[in-house]
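Reader: Hi! I'm new to protein structures and would love a close look at a single part of this one, the nonpolar patch on the surface. Could you also show me how that part fits into the rest?

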Amino acid sequence: MSDLQLILEGVVLALLLGYLCLKQSQRSGARSGSLNSAEWSGKAIDVSRLKSGLADTRAACRRARHSTTGVCFHRALLALARHSVTRFKYFDERASGEQVDG
């Protein structure tokens, strides 16, 4: 390698390093400025409308899930697990594709 080639590579490396340092300082300056809580102009969310809807949804879910106790508990638990597993995307794709004998 000639001396001129080494000098050119050094200059290019120095310019690239300077550019990257400048970009990094700009990013960190922009990030710290956006997190300044004294300048934040956001407002609180009014959750009173959401609260009643969420309570209704929870109550409906509780009504829909009747508790099974006794002999059928394990059978119902297995049915729930079977239903949950068959809703996975893997089984949706297999149902639309070809059947695999196993």
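Author: Happy to! One term comes up straight away: a disulfide is a pair of cysteine sulfur atoms within 2.5 Å. This structure, which is a predicted model, holds 0 disulfides. Two cysteines can still be placed: because partly exposed covers what lies between under 20% (buried) and over 50% (exposed), Cys-21 counts as partly exposed with its relative accessible area of 46%. Cys-61, at 41%, is partly exposed too.

Now for the overall layout. The protein chain has 4 helices and 0 strands, and reading along the sequence gives the pattern α-α-α-α. Of its 102 residues, 0% count as buried. About 10000 Å² of the protein chain is exposed, with 62% of that supplied by carbon and sulfur atoms.

That brings us to your patch. Its members are Val-85, Phe-88, Tyr-90 and Phe-91, and together they have about 390 Å² of accessible area. Tyr-90 sits in helix α4, which spans residues 89–96.

How far can you trust this region? Across the protein chain the mean pLDDT is 79, and 74% of the residues score at least 70. Confidence is highest in helix α1 (residues 3–34), at a mean of 88, and lowest in α4, at 69. Where pLDDT is low, predicted coordinates should not be read in detail. So as you look at Tyr-90, keep in mind that it belongs to helix α4, where confidence in the protein chain is lowest.

Terms used: Residues numbered from 1 in each chain as written. Predicted model: local features only at pLDDT ≥ 70, side-chain atom pairs only at ≥ 80, totals over all residues. Heavy atoms only, no water. Buried < 20%, exposed > 50% of the residue type's maximum accessible area, 1.4 Å probe, protein only. Helix = DSSP H or I, 4+ residues; strand = E, 2+ residues; numbered from the N terminus. Areas by Shrake-Rupley, 256 points an atom, 1.4 Å probe, with all protein chains shown as cover. Patch = residues over 30% accessible without salt bridge, like charges linked within 9 Å, V, L, I, M, F, W, Y side chains within 5 Å. Salt bridge = Lys/Arg side-chain N within 4 Å of Asp/Glu carboxyl O. pLDDT = per-residue confidence, 0-100.
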